[in-house]
Every structure is written in C-alpha cells, then in structure tokens.
Amino acid sequence: MICAHTRFDSGVCGHYDTAPMPALRPDRVDVDVLAAEGASVERRYRLDQLSRLSDLLAGPGGEAIARFSFAQVAGSVASCELAVEAVATLKCQRCLEPYEQPLASCVRLAFVAGDDAAPVVPEGFEAVPTDDGRIDIDSLVEDELLLSMPIVPLHGGGTRCAETARPAVTETCDEPEPETHRPFAQLQDLLKH
Ligand SMILES: [Zn+2]
C-alpha cells in the first residue's frame, strides 16, 4: 500500500513561486484508505493553475489553500471535511477595475460509489460519487472555489468604488423628468403655425 502522507508531501506545496507552472497532474486519491487512517491533507494552489477558475480571473497571482480532514462516518462511509480559502483577482462589474476578492468555503462530503443508485449519505453531508473508490482532490477544490465565487463581482463596502456608486443611484431615482424629454409638446407648437 502506498503511504498516503508521503504522496501528499510530494505535491505542489512550496513550488508555486517558480514560473512557468506545469499543468496539474490528476491527483487521484483512495478515499477509503484516507478515511480509515483519519488522514489530514493540506494543499496549496496557484489560482491560475486551475483551468476552469482561471478563465474568471482578472489578473495573475492569487493562491488557494485547501484542508481535507478525512474520517469514516455512519459506520464505514468515507467522508471528509473540506475547507478552502483563497484570494482571487476579479474584475469589478461596476468600475471594471481589478480587485481582490476573498473566497472561503467549508463543506462536508460523503463519498459514494459512482454506480450506486441509492447511496447512504449521512445528514449534513453532500454526496460525491467516486471513480472506483478514487477522487481527484484538485477538482474538488476547484469545484468549491467556483461555488464560492460571487455571482456579480463588485468592490466591497468601504472602497471608493462602493462609496461613489451609492449617491449616483439616489440621484437617478429622485431626479424629476426633464422638460426636454417631451418631443411631442414641441411638435404640437410647430403644427400651430
Ligand atoms: Zn469597482
């Protein structure tokens, strides 16, 4: 049996500041082995390594840290708690300038056989189908980051962008309809002559 801890220590940790970054290899782990060991796994990623996420970024850099705590639940169901944190550079949809968006997610996952039509999923856990008992942990991390992305990226409160946006909205609502927006009134005047 491959020692899980040795495999994890040989991962991408510590190498992410050397460019160019090689593409991620599929990082498939055996969830039953890790759950039986109660293994803890920590991984760091450069966000531009994650292909689906990188399309949404407005600038290079940014990294994510993911912590997996594997355990057996409800008897022998392999599960893990996954906590992901990152800071991504996104484009603000109000001022179109890049800004740094913190992302955070914590989820409890129960691993089920991919061909199991009625899997046993303990309450409070999300079912994740495995591929013959294995999962790609990089893909799970990327899924969680994508789910924690804001639907509309915007500068947060306290920034100049957020402060200047507020009065603009109020003015638009309170402004009376200007006289010049009545072209037919003018037309009627012309027809009198
Ligand atoms: Zn903005």
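This short talk walks through the predicted model shown above, from confidence to sheet, core and a few single residues.

First, the ground rules. Residues are numbered from 1 along each chain as its sequence is written. The model is predicted, so local features need pLDDT of at least 70, side-chain atom pairs count only at pLDDT 80 or more, and totals for chains, interfaces and linings use all residues.

Confidence next. pLDDT is the predictor's confidence in each residue, from 0 to 100. The protein averages 81, and 72% of the residues score at least 70. Where is pLDDT under 50? It stays there over residues 1-20, and the model has 16 contacts beyond four places in sequence for that stretch. A contact here means two C-beta atoms, placed from the backbone, within 7 Å. Where pLDDT is low, the predicted coordinates should not be read in detail.

Now the overall layout. The secondary structure comes to 6 helices and 7 strands. These are DSSP runs, numbered from the N terminus: helices are H or I with at least four residues, strands are E with at least two. Along the sequence, the pattern reads α-β-α-β-α-β-β-β-β-β-α-α-α. Take the contacts with a separation of 6 or more: residues 24 or more positions apart account for 63% of them. Of the 193 residues, 21% count as buried. Buried means 20 or more other C-beta atoms within 10 Å of the residue's own, exposed means 12 or fewer, and partly exposed is in between; C-beta atoms are placed from the backbone.

On to the sheet. Which strands form it, and in what order? There are 5, in an open sheet ordered β2-β3-β4-β5-β6, with mixed pairing. β2 and β6 (126-130) are the edge strands, each pairing on one side only. From one strand to the next, the twist averages 30°. Two strands pair if DSSP finds at least two bridges between them.

Let's go across it. β2 and β3 are antiparallel, with 7 bridges. Within that pairing, Arg46 stands opposite Glu63 in β3. α4 packs on the sheet and touches β2, β3, β4 and β5. Its direction makes about 55° with that of β4. Axes are lines fitted to C-alpha atoms, for helices over the stretch in contact, and angles run from 0 to 180 degrees between N-to-C directions.

β3 and β4 are also antiparallel, over 10 bridges. Val73 faces Val77 of β4 as its opposite number. The hairpin has 3 residues between the strands. Then β4 and β5: antiparallel again, joined by 13 bridges. Lys91 has Pro98 in β5 as its bridge partner. That hairpin has 6 residues between the strands.

Both hairpins carry a backbone point to check. Most residues other than glycine have a negative phi. In the β3-β4 loop, Ala74 has a positive phi near 45°. Ala74 counts as exposed because it has 12 C-beta neighbours inside 10 Å. In the β4-β5 loop, Leu96 has a positive phi near 65°. Leu96 is exposed because its C-beta neighbours inside 10 Å number 9.

Now the core. A nonpolar core is a set of buried Ala, Val, Leu, Ile, Met, Phe, Trp, Tyr and Cys residues joined through C-beta atoms within 7 Å. The largest one has 31 residues, and Ala64, Val141 and Leu145 have the most contacts inside it. Which elements give two or more residues? They are α2 (31-37), β2 (40-46), β3 (63-73), β4 (77-91), β5 (98-113) and α4 (137-147). β4 gives the most, with 8 residues.

Look at Leu145 on its own. Leaving out residues up to four places away in sequence, Leu145 touches Leu50, Leu53, Ala64, Val84, Ala86 and Leu103.

Two more residues to finish. Gln72 lies in strand β3. Why is Gln72 partly exposed? Because 15 other C-beta atoms lie within 10 Å. Beyond four places in sequence, Gln72 touches Ala35, Ala36, Val77 and Ala78. Gln72 and Ala35 are 37 residues apart in sequence, yet 5.3 Å apart C-alpha to C-alpha.

Last, Val152. It lies in the loop between α4 and α5 (160-174). Val152 is exposed because 8 other C-beta atoms lie within 10 Å. Its C-alpha is 6.8 Å from that of Gln93, with their positions 59 residues apart in sequence as the separation.
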